[in-house]
Amino acid sequence: MPNASSWSASSPLLLLWEDSSGTRIFLSLLYAVLAISGTLSNVMVIYLVFSFKKLQTTSNAFIVNGCAADLSVCALWMPQEAVLGLLPPNSSSLRSAEYRLLRGGLLGLGLTVSLASHLLVAFNRYVLITKLPSVYQALYQRRHTGCMIGLSWALALLLVPLLPGLWTPGSAQQPPPRQTDGSSGYTALLLALAVLGQTALLLHCYLGIVRRVRGSAKRVSVLNFHLLHQLPFPAAPPPPRRAQRRLSSVSVLLLCCVFLLGTQPLVWVSLLGFFLRPAPPALQAASWLLLCSLSAL
């Protein structure tokens, strides 16, 4: 396998150590914008759910869990990257291996729980809409919901220490050490396959919801048609169900497109680097940027 380990051994997450000062400043500003917008939006969602009792549902519990994970990226990790991009390359803060592990841990913890929360939300809505109410109530009891949320964090805490080469592939300002084995390449491959599998499950859930809603709406429309012809008086015009169905489909489509835009570039860059040849460093950095920006989007 040609250069299986060079994908993550030769490129940091986003700031390339050989970049010019202008590129560093631009990326630092981009980090700052994502950090501010992502922190404010996630905090607002958490505040709204805790402030209004009607919003305290099982589905929103998973959304709040994802927002808390996104804060690990937006409020804790991104501001550090924004500051590090403005420091000189010989800064002592950039040479600390422990500090790089801390930054990588924050990033890995936040991204893992966030992706797991996306899947939990999709599966929750899928069961709610396509299954019987008794099935939903039995599956999503308060205790079961808490266990699902706890397992997402336990999984992240288990994976982050086991994958240090993935979350900390190098310093933002200095070249990373050359690795002699392919462990990082296989780690990147496992990440790509995991995200690809999660994407398939998420799309299956949302497309199943769309099919169920469209089928239910068609059955209701046929039933209303027969009932209206049996009434002795003219009935009021039916509500714009077609427009509502179209709006729901567009909303689901936009949600899926944003998720695919944030996750799939890293997946295919990882697969390309493992099986064929490493992608250009700028493309690798851009794929990581899109994945990290998912916490703000």
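Student: What makes the approach of the side chains of arginine 103 and glutamate 81 a polar contact?

Tutor: In this predicted model, the side chain of arginine 103 meets that of glutamate 81 at 2.7 Å. A polar contact requires a pair of N or O atoms within 3.5 Å. The value of 2.7 Å satisfies that limit, and the pair is therefore counted as a polar contact.

Student: Where does arginine 103 lie, and why is arginine 103 called buried?

Tutor: Arginine 103 belongs to helix 4, which covers residues 97-130. Its relative accessible area is 6%. Buried means under 20%, so arginine 103 at 6% is buried.

Student: How do helix 3 and helix 4 pack, and what makes them parallel or antiparallel?

Tutor: Two packed helices are described by the angle between their axes and the distance between the axes. For helix 3 and helix 4, the angle is about 155 degrees and the axes are 8 Å apart. Angles over 145 degrees count as roughly antiparallel, so helix 3 and helix 4 are roughly antiparallel to each other. Their crossing is left-handed. The residues of this contact comprise 14 nonpolar, 10 polar and four charged ones.

Student: How do you know whether helix 2 is parallel or antiparallel to helix 3?

Tutor: The axes of helix 2 and helix 3 cross at roughly 155 degrees and come within 8 Å. Set against the cut-off of 145 degrees, this angle makes helix 2 roughly antiparallel to helix 3. The crossing of helix 2 and helix 3 is left-handed. By class, their contact holds 20 nonpolar, five polar and two charged residues.

Student: How many aromatic pairs does the structure hold, and why is the pair of tyrosine 31 and tryptophan 77 given its name?

Tutor: The structure holds four aromatic pairs. For tyrosine 31 and tryptophan 77, the ring centres are 5.5 Å apart and the planes stand at 85 degrees. Rings pair if their centres lie within 6.5 Å, and planes over 60 degrees apart count as edge-to-face. Both conditions are met, so this pair is edge-to-face.

Student: Which parts does the pair of tyrosine 31 and tryptophan 77 tie together, and are the two residues buried or exposed?

Tutor: Tyrosine 31 lies in helix 2 (residues 21-51) and tryptophan 77 in helix 3 (residues 58-84), so the pair joins parts that are 46 residues apart in sequence. Both tyrosine 31 and tryptophan 77 are buried.

Student: What makes phenylalanine 274 and phenylalanine 275 a stacked or an edge-to-face pair?

Tutor: Their ring centres are 5.0 Å apart, and their planes are at 80 degrees. The angle exceeds the 60 degrees required, so this pair is edge-to-face.

Student: Why is phenylalanine 274 placed in its class of accessibility, and why is phenylalanine 275 placed in its own?

Tutor: Phenylalanine 274 has a relative accessible area of 5%, which falls under the limit of 20% and therefore makes phenylalanine 274 buried. Phenylalanine 275 has a value of 45%. That lies between the limits of 20% and 50%, so phenylalanine 275 is partly exposed.

Student: Which residues do ring pairs link into a cluster?

Tutor: The cluster consists of Phe62, Tyr136 and Tyr140, linked by ring pairs.

Student: How do you know the class of alanine 75, and where is alanine 75 found?

Tutor: Alanine 75 is found in helix 3. Its relative accessibility of 34% is neither under 20% nor over 50%, so alanine 75 counts as partly exposed. Alanine 75 and serine 37 stand 38 residues apart in sequence, and their C-alpha atoms are 9.7 Å apart in space.

Student: What makes leucine 84 buried, and why does leucine 34 count as buried?

Tutor: Leucine 84, in helix 3, has a relative accessible area of 3%. Leucine 34, in helix 2, has 12% relative accessibility. Each value is under 20%, so leucine 84 is buried and leucine 34 is buried. From C-alpha to C-alpha, leucine 34 is 6.8 Å from serine 293, although the two are 259 residues apart in sequence.

Student: How many helices and strands does the protein have, and what percentage of its residues count as buried?

Tutor: The protein has 10 helices and zero strands. Of its 297 residues, 43% count as buried.

Note on methods:
Residues are numbered from 1 along each chain as its sequence is written. This is a predicted model: local features need pLDDT of at least 70, side-chain atom pairs count only at pLDDT 80 or more; totals for chains, interfaces and linings use all residues. Side-chain values use heavy atoms; hydrogens and water are left out. Helices (H or I, at least four residues) and strands (E, at least two) are DSSP runs, numbered from the N terminus. Buried means under 20% relative accessible area, exposed over 50%, partly exposed in between (1.4 Å probe, protein chains only). A polar contact is a pair of N or O atoms within 3.5 Å; within protein, one must be able to donate a hydrogen and the other to accept it, and residues adjacent in sequence count only if both atoms are side-chain atoms. Rings of Phe, Tyr and Trp (its six-membered ring) pair if their centres lie within 6.5 Å; planes under 30 degrees apart count as stacked, over 60 as edge-to-face and the rest as tilted. Axes are lines fitted to C-alpha atoms, for helices over the stretch in contact, and angles run from 0 to 180 degrees between N-to-C directions. Angles under 35 degrees count as roughly parallel, over 145 as roughly antiparallel, 65 to 115 as roughly perpendicular and the rest as oblique. A crossing is left-handed if the near helix is turned anticlockwise from the far one by less than a right angle, and right-handed if clockwise. Ala, Val, Leu, Ile, Met, Phe, Trp, Tyr, Cys and Pro count as nonpolar, Asp, Glu, Lys and Arg as charged, and the others, Gly among them, as polar.
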